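Visitor: I would like to learn how to read a structure of this kind. Where do we begin?

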Amino acid sequence: MTNSAWGQQRTLQKNLCDQPSGRVYSTGDRSLKSGRYLCLGERISPQNGSAVKVLCFLNRKFLYLKQSTIFNAQICAPPPNEAVQCSVLNIVPCPHDYKGPDDEKNAPIVTSPYGSSIINNRPQISWRSVADADSYTVVLKGNGVEWEADVKNTTTLPYPQEQKELQYGNTYTITVISNHGDQPLNSSPLVVHLLPVNDVQQISDEVKQINDLGLSADEAAFRDLDAIYMSKLLLDESIKTLIARVLAGSQNPTLYRLLGDRYLGALLPDEAEQTYTIAAQLALSSGKTSELSKVQSGLKLVKWLKSP
């Protein structure tokens, strides 16, 4: 089948339900082809001796089904650890006064890595600028690694090549200190955990499987890759993958809305608001009312977060 024909087939299959809930990743089914969307309620019918591999977008897991199975909400239930993320579905982890006390408002808040779980052992570090600062000091401490670096005229620091990389399975604290002359002004810490090496390898293998399927870059980013990264709460990988599609010129409102959701999970309401605003414009111009409703929920939460 040609790429264009396969793309048309996927579009038709997607329209079978309002929101596809999974995708077939093997050819072991009697009729469902690899790459096909799955909707809740569809039957999966493995051939004799075969297992059908499917990715569930809701619980972000690969399932291996050897018997005739109805693909439903019971086998595809959302993960319980979703509760630790600030989102439109769960505002409990969301800090109402996210800016903090007055003396914290000009802190050099660390914006990258995003979230608290990472797989990159040499992450780029970014932070918000401070009005009166003329330099910054970045300090990283943790098991087996400790260094600091002075930075001027930028709010981004690539991981220093001369420093030892972070060790898998360990936790580190990244602190950015703003300075004016020789005087420190304020500081902002971020605690990050590098996943164990087995988890990193698993993520790498699953990403390769997604890439081998030949999906469109946008589709892979906001459905399959996001599902895999968020199965380990890897906001950093998901956000950076979505940003790459934005920079590539994507006009997909779902992609922008999901990026806004992930910014909320990283407790970056300003970035979420900017992205949601673009998502709303794209959803309105394309007539995607269901996306527009989700975006409006996100903007409502951002407004609540930023209210006094």
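**Reading the model**

Guide: Take one loop as a starting point: P113 sits in the loop that runs between β7 (110–112) and β8 (117–118). Keep in mind that this is a predicted model.

Visitor: Which residue is joined to P113 by a cis peptide bond?

Guide: S112 is the partner, and omega of that bond is about 10°.

Visitor: What is the overall make-up of the protein in secondary structure?

Guide: The protein has seven helices and 14 strands. Of its 308 residues, 49% are buried. The accessible surface is about 15500 Å², and carbon and sulfur atoms hold 50% of that.

Visitor: What share of the contacts with a separation of 6 or more joins residues 24 or more positions apart?

Guide: That share is 57%. One pair of residues that can be checked by C-alpha distance is N198 and G169, which are 29 residues apart in sequence and 9.4 Å apart in space. N198 belongs to helix α2 (residues 197–212).

Visitor: Is N198 buried or exposed?

Guide: N198 is exposed, because its relative accessible area is 62% and the cut-off for exposed is over 50%.

Visitor: How should I read the nonpolar cores?

Guide: Look for the members that touch the most others. The largest core has 29 residues, and those with the most contacts to other members are Y114, I239, L242, Y263 and L264. Several helices feed this core with at least two residues each: α3 (217–230), α4 (235–247), α5 (253–265), α6 (269–286) and α7 (289–306). There is also a second, separate core of 22 residues, with I118, A149, V151 and L190 among them.

Visitor: Which residues does L264 contact, leaving aside neighbours within four places in sequence?

Guide: L264 then contacts C86, V88, A272, Y276, L301, V302 and L305. Three of these names come back in α7, where L301, V302 and L305 are among the buried residues.

Visitor: How do I read a helix such as α7?

Guide: An α-helix has 3.6 residues a turn, so residues three or four places apart point the same way. In α7 the buried residues are E291, L292, V295, G298, L301, V302 and L305. The cover over them includes α5 and α6. As for length, α7 has 18 residues and spans 26 Å from its first C-alpha to its last, close to the 26 Å expected at 1.5 Å a residue.

Visitor: Which residues have a positive phi although they are not glycine?

Guide: R60 has a phi of about 60°, and L267 also has a phi of about 60°. R60 is in the loop between β4 (52–56) and β5 (61–65), while L267 is in the loop between α5 and α6.

Visitor: Is R60 buried or exposed?

Guide: R60 is buried, because its relative accessibility is 9% and the cut-off is under 20%. L267, at a relative accessible area of 42%, is partly exposed.

Visitor: What about the aromatic rings?

Guide: A pair of aromatic rings is described by the distance of the centres and the angle of the planes. A search of the whole structure finds five aromatic pairs. A ring can also have a charge over it: the charged end of K53 sits over the ring of F62, at 4.5 Å from the ring centre.

How values were computed
Residues are numbered from 1 along each chain as its sequence is written. This is a predicted model: local features need pLDDT of at least 70, side-chain atom pairs count only at pLDDT 80 or more; totals for chains, interfaces and linings use all residues. Side-chain values use heavy atoms; hydrogens and water are left out. Rings of Phe, Tyr and Trp (its six-membered ring) pair if their centres lie within 6.5 Å; planes under 30 degrees apart count as stacked, over 60 as edge-to-face and the rest as tilted. A charge sits over a ring if NZ of Lys or CZ of Arg is within 6 Å of the ring centre and within 35 degrees of the ring normal. A nonpolar core is a set of buried Ala, Val, Leu, Ile, Met, Phe, Trp, Tyr and Cys residues joined through side-chain atoms within 4.5 Å. Buried means under 20% relative accessible area, exposed over 50%, partly exposed in between (1.4 Å probe, protein chains only). Helices (H or I, at least four residues) and strands (E, at least two) are DSSP runs, numbered from the N terminus. Contact means heavy atoms within 4.5 Å. Accessible areas come from the Shrake-Rupley method with a 1.4 Å probe; for residues, only the protein chains shown count as cover. The expected span of a helix is 1.5 Å times one less than its number of residues.
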